[in-house]
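Reader: Hey, I'm new to this one. Could you walk me through it?
Author: Sure, let's put it up and go piece by piece.

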Amino acid sequence: MPHETTAQTDELVPAAEPKAGHAQLDRAVETQQDLSDEINGLADAYKRALKDGAPAETQPRLDYPPYRSSILRHPTKSLHHADPETIELYSPAFGHQDVHALESDLTIQHNGEPQGERIIVAGKVLDGDGRPVAGQLVEIWQANASGRYIHKRDQHPAPIDPNFTGIGRCITGPDGSYRFTTIKPGAYPWKNHLNAWRPAHIHFSLFGTEFTQRIITQMYFPGDQLFPLDPIYQTIVDQDARDRLVANYDHSLTEPEWALGYNWDIVLTGPKRTWTENEALGAEGDEE
Amino acid sequence: MSNQTTQLVPTPGQTVGPFYGYALPFEKDNELLAPGSPGSIRLQGTVYDGAGETVPDAILEIWQPDAQGNIVQKTGSFHRDGYSFTGWGRGAVGYSGVYTFTTVNPGPTSPGAAPFISVAIFARGLTNRLFTRIYLPEEQEALAKDPLLASLEPERRETLIARRDPDGGLTFDIRLQGEGETVFLDFQ
């Protein structure tokens with residue numbers, strides 16, 4: 001069968017967009033119930049496997065059919081184990097030459113105040129040994145309070161906020177800490193199936209001290225009723241692992257008459273490199 | 001935190017989604033050095049899905065040693081000054097699924113080692129990033145001794161070796177799924 005032009009494919013274009021991941025035409029009328037049945041079937045199978053002694057899965061499945069766009073985009077062969085070598089044991093360096101301190105405040109990028117609930121999102125970036133990842137880049141992007149991305153291909157009929165772009169960056173402190181001031185993003189509809197809605201989330205892009213620690217992920221908000229319905233959140237089949245993407249409301253981060261606080265720590269893999277004494281002591285990564 | 005030997009469970013990844021285009025790209029993100037400057041080459045390729053269709057919404061990062069094989073630890077990738085090679089670049093594919101970088105041929109990080117470029121791939125529909133390596137097609141002796149390449153069957157091994165273009169550049173296509181599927185790496 002001829003394939004649709006993928007250039008037109010977009011998870012958020014609201015017109016009849018029957019082709020997420022080149023799926024068949026009848027996918028467009030799949031209901032949430034159809035999808036939930038699939039999601040629950042995979043979840044039950046995973047729970048049975050756990051009970052039979054299978055190891056817990058800590059990362060999303062690359063092959064997760066309920067997320068339709070993944071069907072033709074996941075490798076079918078197992079990832080090939082490799083010992084990281086040379087360049088892979090180091091990470092690109094970022095510093096205050098790259099990122100201005102004000103880039104961590106998403107509410108001051110325009111002339112006026114953005115609409116919505118002002119929040120503070122703060123936490124630490126740690127490696128698998130619990131060591132802080134210091135002086136490293138954190139990037140975030142998100143929808144506005146109405147669930148609308150500034151991206152030109154987002155056609156969701158919710159208002160654009162002229163005072164909100166939804167991009168932030170910062171460099172972690174010596175203790176691995178990061179902190180953003182932003183607006184709580186809204187949920188948004190997408191075209192995976194009929195009446196599909198993404199839980200509110202903030203995209204996070206992270207580097208470690210080694211390139212193999214590189215991840216992009218999404219942070220969610222506690223208590224979201226859309227969690228069980230969302231095929232992207234559910235690509236992680238293990239409940240404990242999924243929970244690691246959910247921030248905690250933290251009243252000690254909340255600032256009086258200003259903003260609600262959420263805490264979210266991020267743990268990277270590894271490291272694999274044998275550290276020098278300086279690095280182990282948390283030497284500053286910025287060369288300036 | 002007080003117990004440094006405690007192994008923490010890593011945070012899961014998630015798809016980059018469709019709307020990174022206003023957030024991740026930046027000016028000269030794919031120009032590790034200025035196009036046309038001495039020693040510069042074009043690295044390009046196409047990202048394909050399991051149906052052989054091009055993927056128009058993938059974004060790649062490369063990380064590599066300089067031409068002498070030094071691992072660079074310089075800041076400044078986000079505001080490139082035109083002189084400092086930082087070794088890292090980011091490039092979103094265009095509508096036709098083609099990515100392009102301007103970079104240098106990486107040098108061997110130790111004498112006789114096979115030089116390679118480390119790659120991370122992100123895309124809508126890809127639930128977690130993938131890692132691979134781009135090896136240079138020359139220096140067969142070094143390639144033959146490379147531990148990763150030696151651990152692969154010959155046809156899979158070929159998916160990690162770039163083609164040399166007539167203009168001196170490199171072409172490296174990425175096939176996410178199916179025939180000729182690129183070897184993707186797990187470092188854990």
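Author: One term before we start: a residue counts as buried if 20 or more other C-beta atoms lie within 10 Å of its own, as exposed if 12 or fewer do, and as partly exposed in between. Also keep in mind that this is a predicted model.

Reader: Okay, so what percentage of chain B is buried residues?
Author: Of the 188 residues in chain B, 46% are buried.

Reader: And how many helices and strands does chain B have?
Author: Chain B contains three helices and 10 strands. Going along the sequence, the pattern is β-β-β-β-β-β-α-α-α-β-β-β-β.

Reader: What's the radius of gyration of chain B, and what would a compact globule have?
Author: Chain B has 17 Å, and a compact globule with 188 residues would be near 16 Å, so the two agree. The C-alpha trace of chain B spans about 50 × 40 × 40 Å along its principal axes.

Reader: What about contacts inside chain B, how many join residues at least 24 apart?
Author: Counting contacts between residues at least 6 apart in sequence, 72% join residues at least 24 apart.

Reader: Switching topic: how many residues of chain B are in contact with chain A?
Author: On the chain B side there are 67 residues, in contact with 73 residues of chain A. Strand S5 (116-123) and strand S10 (185-186) of chain B each supply at least two residues of the side that touches chain A. The largest share comes from S5(B), with four residues.

Reader: What classes of residue are on that side of chain B?
Author: The side of chain B that touches chain A has 33 nonpolar, 27 polar and seven charged residues.

Reader: Which strand of chain A is joined to S10(B)?
Author: That's strand S1 (residues 80-81) of chain A, which runs parallel to S10(B) and is joined to it by two bridges. Within this pairing, His81(A) stands opposite Asp186(B).

Reader: Let's look at chain A then. In what order do the four strands of the open sheet come?
Author: The order in chain A is S4-S3-S8-S9, with antiparallel pairing. At the edges are strand S4 (167-171) and strand S9 (215-220) of chain A, each pairing on one side only. From one strand to the next, the twist averages 20°.

Reader: How many bridges are there between S3 and S4 of chain A?
Author: Five bridges, in the antiparallel sense, pair strand S3 (residues 137-142) of chain A with S4(A). Across that pairing, Leu137(A) stands opposite Ile171(A).

Reader: Now the odd bits of backbone. Where's the cis peptide bond?
Author: It joins Gly270(A) and Pro271(A), with omega about 5°. Pro271(A) lies in the loop between strand S12 (266-267) and helix H3 (277-280) of chain A.

Reader: And what's the phi of Asn195(A)?
Author: Asn195(A) has a positive phi of about 65°, although it is not a glycine. You'll find Asn195(A) in the loop between strand S6 (188-190) and strand S7 (196-198) of chain A.

Reader: Is Asn195(A) buried or exposed?
Author: Asn195(A) is exposed, because it has 12 other C-beta atoms within 10 Å and the cut-off for exposed is 12 or fewer.

Reader: What about Glu139(B), what's its phi and where is it?
Author: Glu139(B) is not a glycine either, yet its phi is positive, about 55°. Glu139(B) sits in the loop between strand S6 (130-135) and helix H1 (140-145) of chain B. With 16 other C-beta atoms within 10 Å, Glu139(B) is partly exposed.

Notes: Residues numbered from 1 in each chain as written. Chains lettered and ligands numbered in written order. Predicted model: local features only at pLDDT ≥ 70, side-chain atom pairs only at ≥ 80, totals over all residues. Rg over C-alpha atoms; globule rule 2.2 N^0.38 Å. Contact = placed C-beta atoms within 7 Å. Nonpolar A, V, L, I, M, F, W, Y, C, P; charged D, E, K, R; others polar. Pairing = 2+ DSSP bridges. Axes fitted to C-alpha atoms, helices over the stretch in contact; angles between N-to-C directions.
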